[in-house]
Amino acid sequence: MTDDDEGSAEYRRILAENLRYVEAFDRSALTAAPLSGLAVLACMDARLDVEEALGLRTGDAHIIRNAGGLATDDAIRSLIISQHLLGTNEVLVIGHTGCGLLGADEAALRDRMTAETGQRLPVEFGSFRDIDDSVRAQVERLRTHPWIRKVPVHGLVFEVETGRLYEIA
Ligand SMILES: [Zn+2]
């Protein structure tokens with residue numbers, strides 16, 4: 001892949017792919033409120049295709065993703081909008097086996113970033129020692145947050161080896 005002023009070959013492929021998408025696009029009647037009433041908070045891991053794994057289609061759900069699938073202040077910001085402005089009434093938190101944050105050395109990562117950039121920043125990456133415990137902690141934070149509605153909040157772990165979802169909270 002070569003990079004130039006017009007972006008990588010992959011970026012140009014994506015723009016061309018979108019033109020094909022537009023030709024077949026038939027979802028202009030969808031409204032912003034998710035049809036299933038679901039909001040999903042999941043890790044950004046590329047092996048976890050949330051729509052495919054859960055049988056969701058365009059328009060069905062809000063999918064909020066970050067490294068680790070953590071209930072960060074920003075994820076909660078999105079969930080508040082999802083619930084209070086767009087009417088979702090059930091939450092799934094999805095972690096997964098083989099997560100990059102599992103056992104990650106935060107201090108080493110901060111040192112590496114400092115060495116690469118010359119800037120030391122107090123960024124917390126949210127590493128954890130056990131995926132089940134991490135998902136339970138995210139679920140607990142959402143269940144007890146005063147601005148998150150008292151709706152069902154489920155905790156699941158996606159097994160990247162099999163594609164199976166395990167309920168753990
Ligand atoms: Zn992950």
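These questions and answers walk through a predicted model of a zinc-containing protein.

Trainee: How many helices and strands are there, and what pattern do they follow along the sequence?
Mentor: The protein has 169 residues. It holds five helices and five strands. Read along the sequence, the pattern is α-β-α-β-α-β-α-α-β-β.

Trainee: What is the order of the strands in the sheet?
Mentor: The sheet is open and has five strands. Its pairing is mixed. The order is S2-S1-S3-S4-S5.

Trainee: Which strands stand at the edges?
Mentor: Look for strands with a single partner. One side of each such strand is left without a neighbour in the sheet. Those strands are S2 (61-66) and S5 (165-167).

Trainee: What does the twist average from one strand to the next?
Mentor: The twist is taken from one strand to the next in this five-stranded sheet. It averages 25°.

Trainee: Which residues are the bridge partners of Val40?
Mentor: Val40 has a partner in S2 and another in S3. S1 and S2 run parallel, joined by six bridges. S1 (residues 38-43) and S3 (residues 90-96) also pair in the parallel sense, over five bridges. The partners of Val40 are Ile63 in S2 and Leu92 in S3.

Trainee: Which residue of S3 stands opposite Ala42?
Mentor: Stay with the S1 and S3 pair, which is parallel. Opposite Ala42 in S3 stands Ile94.

Trainee: Which strands does helix H3 touch, and what angle does its direction make with that of S2?
Mentor: Helix H3 covers residues 73-84 and packs on the sheet. It touches S1, S2 and S3. The angle between the directions of H3 and S2 is about 175°.

Trainee: And helix H5: which strands does it touch, and what angle does its direction make with that of S4?
Mentor: Helix H5 (residues 131-144) packs on the sheet too. It touches S1, S3 and S4 (153-158). Its direction makes an angle with that of S4 of about 160°.

Trainee: How many residues of S1 are buried?
Mentor: S1 is mostly covered. Helices H3 and H5 both touch this strand. The buried count is six of its six residues.

Trainee: Which residues coordinate the zinc ion?
Mentor: The donor atoms lie at 2.0 to 2.3 Å. Along the chain they follow the spacing C-x52-H-x2-C. The residues are Cys43 (SG), His96 (NE2) and Cys99 (SG).

Trainee: How many residues apart are Cys43 and Cys99?
Mentor: Cys43 sits in strand S1. Cys99 sits in the loop between S3 and helix H4 (106-117). The pair links distant parts of the chain, 56 residues apart.

Trainee: Are Cys43 and Cys99 buried or exposed?
Mentor: Residues under 20% relative accessible area count as buried. Cys43 has 4% relative accessibility. Cys99 has 8%. So both are buried.

Trainee: How many disulfides are there?
Mentor: A disulfide needs two cysteine sulfur atoms within 2.5 Å. By this rule the count is zero.

Trainee: Which residues is Ser134 in contact with, leaving aside its neighbours within four places in sequence?
Mentor: Ser134 lies in helix H5. It is buried, with a relative accessible area of 8%. Its contacts beyond those neighbours are Leu70 and Phe128.

Trainee: What share of the exposed area do carbon and sulfur atoms supply?
Mentor: The protein exposes about 10700 Å². Carbon and sulfur atoms supply 53%.

Key. Residues are numbered from 1 along each chain as its sequence is written. This is a predicted model: local features need pLDDT of at least 70, side-chain atom pairs count only at pLDDT 80 or more; totals for chains, interfaces and linings use all residues. Side-chain values use heavy atoms; hydrogens and water are left out. Two strands pair if DSSP finds at least two bridges between them. Helices (H or I, at least four residues) and strands (E, at least two) are DSSP runs, numbered from the N terminus. Axes are lines fitted to C-alpha atoms, for helices over the stretch in contact, and angles run from 0 to 180 degrees between N-to-C directions. Contact means heavy atoms within 4.5 Å. Donors are N, O and S atoms within 2.8 Å of the metal (3.2 Å for Na, K and Ca); water is not among the atoms, so sites may look incomplete. Buried means under 20% relative accessible area, exposed over 50%, partly exposed in between (1.4 Å probe, protein chains only). Accessible areas come from the Shrake-Rupley method with a 1.4 Å probe; for residues, only the protein chains shown count as cover.
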